[in-house]
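Me: Please go through this structure with me, one question at a time. Short answers will do.

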Amino acid sequence: MPARNKIHYLPERIEGLADLALNLWWRWDRDARTLLASIDLDLWRSQRHNPVVMLRTCDPARLAELAKDESFLAAYDSVMERFEEVRKSGGRWFREQFPDLDGRPVAYFCAEFGLHSSIPIYSGGLGVLAGDHCKSASDLGVPFVGVGLLYARGYFDQTINLDGWQMSSAVDFDFERMPLSRLTGPDGSYRLTRLETAGRQISLGAWELLAGSTRLILLDADLEENHPDDRELTHTLYGGGGEYRLKQEWILGVGGVRVLRALGIEPGAWHANEGHSAFMMVERVREKVQAGTEWADAVREVRARSVFTTHTPVPAGHDVFPQDLIRRVCGTYHEGLGVNETEFFELGRNPGADDGGFHITATAIRLSRHINGVSRLHGEVSRGMWQSMWPGRAVSRVPIGSVTNGVHLGSWMSRAFIGLLDEVFGRDWEKELHTDAEWERVAEIDDERFWQAHLVQKLGLLTFCREEARRRWKRLWREASHLVGAGTLLSPQPLTIGFARRFATYKRGDLLFRDEERLRLLLTDVKRPVQLVFAGKAHPADDEGKRVLQRVWHATRDPRFEGRIAFIEDYDLHVAHRMVQGVDLWLNLPRVPKEASGTSGMKAALNGVPQLSTVDGWWAEGFNGDNGWAIPRVNGSAEEVDNLDHRAVFEILERQVVPSYYERDERGIPLDWVRRMKASVIEAGKHFTMGRMVAEYAEKYYAPALQGDGEGDDLPVIPRLTDALAIAGD
Ligand SMILES: *Cc1c(COP(=O)(O)O)cnc(C)c1O
């Protein structure tokens, strides 16, 4: 049960606000959001839309006044009525589609979750996707419980030094400022379960985070009774070396299953979002073996209810642990599985890489019946990458499917656009699924109003840049040049291009800078100027990525570019919202096929922002000729590809993008551009929302897994252990 409520002095008439503030549903329910903002607009803004902090610091006199304000109370009652409905079971879609399922939840494990900027326990795309997934599961009424780790220090805060070098800093979070409730066991203590790690018992507690009807359980090893070193195991996301990481994955997987059991939650299907949580499957095999099931049957039963999603075609993105490290951390755990150590190691053997390491992705593949990549192209690449798990089988018959990623519409589409689309869909449409024919009607919206809605967002971005610069100038900065680099010289008229993503080298954040003179001419054209807004973090251990960032950073301060390049520090959900809603064009330049899906371009598209991208990830299926521009795929060495892509980007920008943007009618509206904006919204609405994605998971994987459907000849081989499961090759 959750411990005490952290907001405890509200007037009785409006005390439901405490529950509302502690459930992130308010974030994507427009009435709930308006209600909260109306309590104290100044605090709301200064606290970056954090209702927990707002309610705790709000003047009690103001709250007393609201408790008597008729119009506030009417709005309050109406929001609370819907909130009560949602909390119980979310939307109706899932129950209508699958009336025969028994309501047992899907347990969704992920190492990071990005739901709101007030709880920064994510590093990037994977976490934001997981957060969006939780929200849409609620919208569609999928019984769903998330499992993750509560990082006391999160990822890291980005600051850039005077030479453009990224520095990391981290402060301990104040959980009191976050919408979290601490869970306690039946005996009232914080310890919910224990597990052995590297020869020591670790006690685990957990916190609850709510998003509509979805419950997210976040594990916490920072309990007083634990050894000081162990208490740090849930402090930082992707921090430390291999051993730290293995221990975290061990806690997430094994500890996650045990905490769910301790809380009395009995999932009917188990989804590992990325390999980090593969031990969740192993632990479930152990449970069954301990209960007397034969190993082969236990494996078969676990597989039937397991869904595994792989997220990257980059080999370094798949964790591999040396066997002696596994031995040290997992100890004699294998005995509980009824196998010897060699056999246990087989679970992590990758026949495609015979390096003796324990491959976490291979483990997840072995123990899942339902496996997928995150775009069609990535599915294909993954089938090739993991073909050796199914010896003798043609790549096309490797049973790895794909569900293309999506983004949560209610969280990512600006209010201006959601309001604009009311005329197509009616009110409160954004939590439901819609037909293609409905989306097509977006084309009928008046061009001028469509364009105006975008300009409002664009001005919002520029104001945000200035206010952020002011805040940092006051607190942190000594050098005036920072002000230029932060975008204070950006103006509302020029074509504004956004590029925000992790500074991994394959994403090529510096591709535009290969010919600085050509870039300068593009940006500083007197009649048709162009602006660039960058944001993103490099992984703290990735010096090459930091060098790319540094190059961009220096350009923001280079007078040749006349202040037309900006870098916004500390990319997070809040900055991401501003950017995808406020720029004119989204730019994406991954080296094909390294981007499994990419999602920021979908967020931009939902806001009428066309994309210019290499044909990778979702763009390989999402580009339709009208919703942006595609850089054709070329072959060659990395250097050759970079050169060709560089040339192609500039040709498209100079000959197509800039002319389209600056061609105006007598009212000043760029009609061709607006047509592309609408095409972007329509394509993203039809195919790239999180609602579509979760529905697809439900139909393809969750429903069969919830029924324990393990039939088929698609099971991968577990060498030596599974004669009973011998599969038919080709
Ligand atoms: C959407 C998002 C990402 C992922 O963007 P990609 O296009 O997949 O690189 C990363 N970080 C934040 C804060 C996001 O909102």
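Me: Are the two faces of strand S19 covered or open?
Reply: In this predicted model, strand S19 spans residues 611–614. Gln 611 and Ser 613 point to one side and are buried. Leu 612 and Thr 614, on the other side, are buried as well. Both faces of S19 are therefore under the 20% cut-off for relative accessible area, that is, covered.

Me: What is the handedness of the crossover from S18 to S19?
Reply: Strand S18 (residues 585–588) pairs with S19 in the parallel sense over 3 bridges, and Trp 586 stands opposite Gln 611. Between S18 and S19 the chain passes through helix H26 (residues 600–606). This β-α-β crossover is right-handed.

Me: Which residue in S20 stands opposite Ser 613?
Reply: S19 also runs parallel to strand S20 (residues 628–631), joined to it by 4 bridges. Within this pairing, the residue opposite Ser 613 is Ala 630.

Me: Which residue follows helix H19, and what is its phi?
Reply: Helix H19 covers residues 415–425 and has buried residues including Phe 417, Leu 420, Leu 421 and Val 424. Among the elements that cover its buried residues are helix H2 (30–37), helix H21 (447–475) and helix H29 (671–687). After H19 comes a residue with a positive phi, near 85°: Gly 426.

Me: Why does the largest nonpolar core lie between two domains, and which are they?
Reply: This core has 145 residues, of which Leu 17, Ile 39, Phe 113 and Phe 344 touch the most other members. Helix H30 (residues 690–706) gives the most to the core, with 11 residues. The core lies between two domains because both give residues to it: domain 1 (12–89) and domain 2 (102–405 + 698–706).

Me: How many residues are in the second core?
Reply: The second core is separate and includes Met 413, Ala 555, Ala 648 and Phe 688. Its count is 90 residues.

Me: Which three residues supply 64% of the area that domain 1 buries against domain 3?
Reply: The C-alpha centres of domain 1 and domain 3 lie 33 Å apart, and 10 residues of domain 1 are in contact with 17 residues of domain 3. The area buried between these domains is about 1,100 Å², with carbon and sulfur atoms giving 34%. On the domain 1 side, the three residues that supply more than any other three are Trp 28, Arg 30 and Arg 48.

Key: Residues are numbered from 1 along each chain as its sequence is written. This is a predicted model: local features need pLDDT of at least 70, side-chain atom pairs count only at pLDDT 80 or more; totals for chains, interfaces and linings use all residues. Side-chain values use heavy atoms; hydrogens and water are left out. Buried means under 20% relative accessible area, exposed over 50%, partly exposed in between (1.4 Å probe, protein chains only). Two strands pair if DSSP finds at least two bridges between them. A crossover is right-handed if, with the strands pointing away from the viewer, the path from the first strand over the helix to the second runs clockwise. Contact means heavy atoms within 4.5 Å. A nonpolar core is a set of buried Ala, Val, Leu, Ile, Met, Phe, Trp, Tyr and Cys residues joined through side-chain atoms within 4.5 Å. Domain bounds come from an automatic or database domain assignment. Buried area is the accessible area (1.4 Å probe) that two parts lose on being put together, summed over both.
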